[in-house]
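The exercises below ask you to work through charged pairs and enclosed spaces in a structure. Each task is followed by a solution that goes step by step.

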Amino acid sequence: MNLKRYGVAVAILATAAISLTACASNEAAPAATATKTASNLTGTLNGIGSSAQGAAETTWIAGFQTGNPNVTVNYDPQGSGAGRTSFIAGSADFAGSDAALKTTELASTFVACAAGSSAIDLPVYISPIAIAYNVAGVTNLKLDAPTIAGIFKGTIKTWNDPAIAGQNAGVTLPSAPITVVHRSDDSGTTQNFTEYLSANAKSVWDAPASQTYPYPVGDAAKGTSGVAAATKAAANSIAYIDESGAAGLSIAQLKVGSSYVKISAAGAAAVVAASPITTGRAANDLAIALNRMDTSKNAWPLVLVSYLITCQTYKDAAKGALVKAYADYVVSPEAQKAAASQAGSAPLSTALASKVSAAIATIK
Amino acid sequence: MSTATIARPMTNSLTAGKLPRGSSWFVLVGSWLIFGGLFAILHASGATKDFNIIGTIFFGTVFFDVVIYVISLLVEGGRRATDRLVTSLVATAFIIALLPLVSLLWTVVANGLGRMIQPSFFQDSMRNVIDAGGGALHAVVGTLEITGMATLISVPIGLLAAIYLAEYGRGHLARGITFFVDVMMGIPSIVAGLFAYALFALIFNDPGVRSGFMGSIALSVLMIPVVVRSCEEILRLVPNELREASFALGVPKWLTVLKVVLPTSLAGITTGIMLSIARVIGETAPLLLVCGFTASMNYNLFSDRMMTLPVFVYTQYANQGANPQPFLDRAWAAALTLIIIVMLLNLAGRIITKVFAPKYGR
Amino acid sequence: MTAGTTGATKAKLRLGDRIFSSSTILAGSIILILLAAVAAFLVVQSIPALVAKPGTLPNNASNFWVYVWPLVFGTIWAALIALVIATPLSIGIALFISHYAPRRLAQTLGYIIDLLAAVPSVVFGLWGIVVLAPFLQPFYTWLVTNMGWFPLFSGPVSGTGRTILTAAIVLAVMCLPIMTAICREVFLQTPRLHEEAALALGATRWEMIKTAVLPFARAGIISAAMLGLGRALGETMAIALVLSPALVVNFFLLTSQNPNTIAANIALQFPEATGVTVNALLASGLVLFVVTLAVNSVARYVVNRRKAFSGAN
């Protein structure tokens, strides 16, 4: 009786499966595209890492697979920490990470890399972080770093606080309490946001930079999309968020130096390009020491840089060639432009892109 | 409740001192209307953004409970009033439970149906799709295969263990199993995923191993305790008289279990199994860990990454592009698909139960 | 009780019996082995966190227990609120289906409630963010303004409605189907004769249920509640999406500073975790094990004391 029952259940599943077995119509082998220089790359690449890069990786993978129809690239947006750990353990061919490898991590043995070879960080994804808010009738808020720190620390509690009103003459601010929305999960966005505040508003923001939100203030929400949803749902709310997730919210202007700056991809890319490479690391390891105090014109120093982490030399040469081709594509202007339109990132500046390309050329 | 506070003179007539038939319905609709009016005024005065239908039903129903109790207390006396109160409370419970269900289904259908009925949703995978378009075929296939395999592993083990506990279990082993099944209920799903990952990484000596089958194992860890607990509970309810009658006819124990106990409890067991499938089919975290993430088709349960619907829903929601609408559409459509799959499974289970279960009393 | 033998005559050991009973024992043993494996895995992974030096643990906790205590509290607190909401509801629904609704309708109604079980937790989470939290927020504001003197409802009110009460409501809705299903099956198994006897004595329907159905079903109801609790304790994604967590221990239902649950905390922190943090998260998973175990043991104890009412006897 039981057997019969399971038999039927299996049969139903089997029928359902068979009815779905028609190959996905968008996966028909694109033989027609052979007119282009046919790529001779084959194989599968698996990456794990940052969810901030998720949308951009999707775009890059699509572009790369279109050019190389026999290659499959998978990217699990599990998180930067998981990405780095998996990469070190050899369970991913490359990692995406919002932070460069730590020195302790660099000292470990990378299973996928050839003996004696270490891993390198390649900055490939730049995203400006927006201070987004949802206050009825207010669309052109201007804030400086100490005010932002005060709001997100909870010392500035209402919208018509003199600290905010003083910078926004002529704007009618409600007397409503401020609902702060921050990330509930550990994230690179929080890391970069707190880094910016502790550099620019040290007297207010006394907590060290961390990927966990340090103060017990306001509402917490999971992920960029969660923060965006919570901010949109709550009146009089404010949040820090990757610019790509801020659609539908107003974005505050940031006081950089002595003037207020509108958020811009170019400004973010310029800050990254002008920042020095961390010293004391391998030659091709392009970990960037972001200059949060950059006050040049239109600079947007509230920025997140995400890395592609690969081996300098792979144990498996074929894998190395694949990763090299993929990384090469990722920093190409067309891929950076595609990511900018699809994922809202800021394209690498030409100078940085050529530096990264040079590093990629050494991957084996 | 004060059952004897109001003593009313007894009359002989059968209908005296009783509320007329249908009065409950009258009061219920009445109190809905009252609160509907109240919320309509709130809406009209601009205090609330739109007409609060859920509030109307919720508060109207609660109001109804109070009113019907008071009326019945005045007309019918304490005992009947209590009876009416309980009846209305029970109905209220049902209505309250329906509210989130309806609201949830409405949200999912309203957001997902439009995308789901586009044929591409079941014809395409997400390979090389960056914005609009694409589909969830790879995720549907993955979910069916992984959950199907998890069911194939869990149900025999779980059901047999439940039979052991209900029919054979004595002493240390039974107590141990009961105890550990209870413990297993508390395994956080992500731990199940990590366990499956560690197990396979150890067996294959390859930290990069990912497959749908690993997902099935992770889901089984979560599913087995639910199957055992619900089946055991149901098996224990089979009246002993049935077993004794069977033994008295000289039927061996194993046949008694197979031919008497199981058919009698078939409806409950099916429900339990369906619920346990529903419990795991929506798991996200462990599958993301062990089955990985892919945008391409994969029919092979035993090698390479596999997509599943919950992971699809989650990643589409969590990694929206600059133009979020196509991503959200796909997420809701996949959620709707998942609900429909479970519904169909449930329906199939019920039909099977109907065909095989013995006909009796209720 | 069910043994087919008497003291005088020893039953013949049939092959079928032997195969069948050993296969059930085998199944039970597989569960034990599986669990032992999971437990061993967890314990091994937890040790580095248990012996970790101060400063290496997340949240700057001085030792693991300081780290895990708010999470344990949050887990139990959220599950408890959920259970307080879900238990009366599920008993009510189960009674409605088994004893009140017209019989022809009953099956369909049961099916409708089972539908809730079909909704994956991610979807519950999305629904919680998009629909439930904004819907509840005005009520919370009202409660804090007017009932703020009551400790549970003290402010400041959450601006988004994503409080522990919202999370508990979502949990309660998620627990409903399995609890209702078990209660319903148990209620339906009440001996017909008991019910008819009560009615024949002039009991109203409620009195019949109070005297015949509920005592019979008590053990089943507790089991159902425990199954629900099991789901509530381990629920991950819905809580992670809906709740606005903070590192606190408090009983306030309506603020935005809510204690987090163990499972949700794992889901939130695991993706970015490295080093000892990973071990600390897994160790908190081990703690969840123990919590579940404690809860279930209490339930078992209660059920066993009431075994006289259980159906099979």
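**Exercise 1.** In this predicted model, work out which parts of the chain the salt bridge between B:Glu167 and B:Arg243 links, and whether its partners are buried or exposed.

*Solution.* Begin with the contact itself: the closest N and O atoms of B:Glu167 and B:Arg243 are 2.8 Å apart, which falls within the 4 Å cut-off and therefore qualifies the pair as a salt bridge. Next, place the two residues: B:Glu167 belongs to helix H4 (residues 137-168) of chain B, B:Arg243 belongs to helix H8 (residues 240-248) of chain B, and the pair, 76 residues apart, links distant parts of the chain. Finally, consider accessibility, where both B:Glu167 and B:Arg243 turn out to be buried.

**Exercise 2.** Find which helices are joined by the salt bridge between C:Glu207 and B:Arg79, and classify the accessibility of each partner.

*Solution.* The side chains of C:Glu207 and B:Arg79 meet with an N to O distance of 2.7 Å. This pair crosses between chains, with C:Glu207 in helix H7 (residues 205-234) of chain C and B:Arg79 in helix H3 (residues 78-116) of chain B. C:Glu207 has 17% relative accessibility and so counts as buried, whereas B:Arg79, at 40%, counts as partly exposed.

**Exercise 3.** Identify the network of salt bridges to which A:Arg281 belongs.

*Solution.* Start from the pair A:Arg281 and A:Asp285, whose closest N and O atoms are 3.1 Å apart. A:Asp285 counts as buried because its relative accessibility is 2%. Adding A:Asp121 completes the network, in which A:Asp121, A:Arg281 and A:Asp285 are linked by salt bridges. Over all chains, the count of salt bridges comes to 15.

**Exercise 4.** Describe the largest cavity and the second largest cavity by volume and by lining.

*Solution.* A search of the whole structure gives 7 cavities of 30 Å³ or more. The largest cavity, with a volume of about 280 Å³, is lined by 21 residues, and those nearest its centre are A:Gly54, A:Thr58, B:Phe293, B:Ala295 and B:Gln316. Helix H2 of chain A gives the most to this lining, with 4 residues, and the lining as a whole divides into 11 nonpolar, 9 polar and 1 charged. The second largest cavity has a volume of about 100 Å³, and its lining includes B:Met184, B:Arg279 and C:Arg231. Two or more lining residues come from each of helix H5 (171-185) and helix H7 (212-235) of chain B and H7 of chain C. By class, the lining of the second largest cavity holds 8 nonpolar, 1 polar and 2 charged residues.

Terms used
Residues numbered from 1 in each chain as written. Chains lettered and ligands numbered in written order. Predicted model: local features only at pLDDT ≥ 70, side-chain atom pairs only at ≥ 80, totals over all residues. Heavy atoms only, no water. Buried < 20%, exposed > 50% of the residue type's maximum accessible area, 1.4 Å probe, protein only. 1 Å grid on protein atoms, 1.4 Å probe; cavity = no way out; pocket = protein on both sides within 12 Å on 5 of 7 lines; lining within 4 Å. Points joined across faces, edges and corners; volume = space filled by probe spheres on them. Nonpolar A, V, L, I, M, F, W, Y, C, P; charged D, E, K, R; others polar.
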